[in-house]
Amino acid sequence: MTQPSADSQTLTVDTDRIERIRDVLAMISLGEFDPARHLIPISRDDAFSSFEETINLFARQLHASVQANEQSIQKLDAARRELEEKLATIEQQRLAIRDLSTPIIELWEDILTLPIVGVMDTQRSVDMTERLLHRISQGKARCAIIDITGMEVVDTATANHFIKMVNAARLLGTYCVVTGISPFVAQTLTQIGVDLRDVKTLGSLRDGLKECFLYLRGQNTHRAFEATGR
């Protein structure tokens, strides 16, 4: 065992001073340290008091760091909640805009119309088709008019979207026509080779309504004939 040198000093420390340090460290580990209540009281001026002051300094700095960290976490949580609220608002606005940009109107009994304005892309086509099919299945509409009077540009992709929309409506038993084909759009579709022979196309919404009336009249006559035949 190494013997102390002549210059070394032996320091006797009371047990309660050791226990106070232990209590402070325990409070820190439990996250319950409060500088106003738990700092080690420095009652003596000896070699061990400098160690107690060091413990107090460490405890205060650690407490300050913990508080700063908690404040940062609270700010991050508040920012996250604010962001989530903004995202929810944006989603609500997006749905509202979608509804406004894709109004499905009951033009007449058994006749729905879908006026399309603006640019038609794949996502918008999917949304429109879903909404149209939902309204058809809800109201059991027998006719649907897709009006593109408000569209200035119709390309191959747009025309294919219309064809798919018409075919989907037909699968639900709904007679579907496309109206609002301007001379310019008709010329464009001819030039790019889009085949719309399987789609009933008309120049105006009025013509589309007349076509639907004729279709419904024919359906009613057919049903009456079948009923009489029975």
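From the N terminus on, the elements of the protein follow the order α-α-α-β-β-α-β-α-β-α-β-α, with 7 helices and 5 strands in the protein. Helices (H or I, at least four residues) and strands (E, at least two) are DSSP runs, numbered from the N terminus. The model is a predicted one, in which local features need pLDDT of at least 70 and side-chain atom pairs count only at pLDDT 80 or more, while totals for chains, interfaces and linings use all residues. Residues are numbered from 1 along each chain as its sequence is written, and side-chain values use heavy atoms, with hydrogens and water left out.

Of the 230 residues of the protein, 29% count as buried; buried means under 20% relative accessible area, exposed over 50%, and partly exposed in between (1.4 Å probe, protein chains only). Contact here means heavy atoms within 4.5 Å. Among the contacts in the protein with a separation of 6 or more, 70% are accounted for by residues 24 or more positions apart.

A good place to start is helix H3 (residues 47-101), which holds Glu52. Glu52 counts as buried because its relative accessibility is 1%. With its neighbours within four places in sequence left aside, Glu52 is in contact with Arg17, Arg20, Ile21, Ile40 and Ile42.

The strands come next. Strand S1 (residues 105-108) pairs with S2 in the antiparallel sense over 3 bridges, where two strands pair if DSSP finds at least two bridges between them. In this pairing Glu106 stands opposite Leu112 in S2. The hairpin of S1 and S2 has 2 residues between the strands, and Asp110 in this hairpin takes a positive phi near 75 degrees. Strand S2 (residues 111-117) is itself mostly covered, with 5 of its 7 residues buried.

On to strand S3 (residues 143-150), which pairs with S2 in the parallel sense over 6 bridges. Two positions illustrate the register: Leu114 stands opposite Ile146 in S3, and Pro115 stands opposite Asp147 in S3. Between S2 and S3 the chain passes through helix H4 (residues 122-139), and this β-α-β crossover is right-handed. A crossover is right-handed if, with the strands pointing away from the viewer, the path from the first strand over the helix to the second runs clockwise. S3 is largely enclosed by the rest of the structure, because 6 of its 8 residues are buried. In a regular strand the side chains alternate between the two faces of the sheet.

S3 also pairs with S4 in the parallel sense, over 5 bridges, and in S4 the bridge partner of Ile145 is Val177. Together, S3, H5 and S4 make a right-handed β-α-β unit. The helix of this unit, H5 (residues 156-171), has 16 residues and reaches 23 Å from its first C-alpha to its last, close to the 22 Å expected at 1.5 Å a residue; the expected span of a helix is 1.5 Å times one less than its number of residues. At the N-terminal end of H5, Asp155 acts as a cap, with a side-chain oxygen 3.4 Å from the backbone nitrogen of Ala157. After H5 comes Gly173, whose phi is positive, near 85 degrees. The buried residues of H5 include Phe162, Ile163, Met165 and Val166. These buried residues of H5 pack against S2, H4, S3, strand S4 (175-179) and helix H6 (183-191).

Strand S4 also contains Thr179, which counts as buried because its relative accessibility is 0%. Leaving aside neighbours within four places in sequence, the contacts of Thr179 include Ile145, Asp147 and Thr149, as well as Leu202, Ser204 and Gly208. Ser182 has its place in the loop between S4 and H6 and, at 27% relative accessibility, counts as partly exposed. The C-alpha atoms of Ser182 and Glu152 are separated by 8.8 Å, although these residues are 30 apart along the chain.

Finally, the cysteines. A disulfide is a pair of cysteine sulfur atoms within 2.5 Å, and by this rule the count comes to 0 disulfides. Cys143 is in no disulfide, as the nearest cysteine sulfur, that of Cys212, is 4.0 Å away. Cys143 is buried, with a relative accessible area of 0%. Cys176 is likewise in no disulfide, and the nearest cysteine sulfur, again that of Cys212, is 8.3 Å away. At 2% relative accessibility, Cys176 too counts as buried.

Note on methods. Polar contact = N/O pair within 3.5 Å; in protein donor to acceptor, adjacent residues only side chain to side chain.
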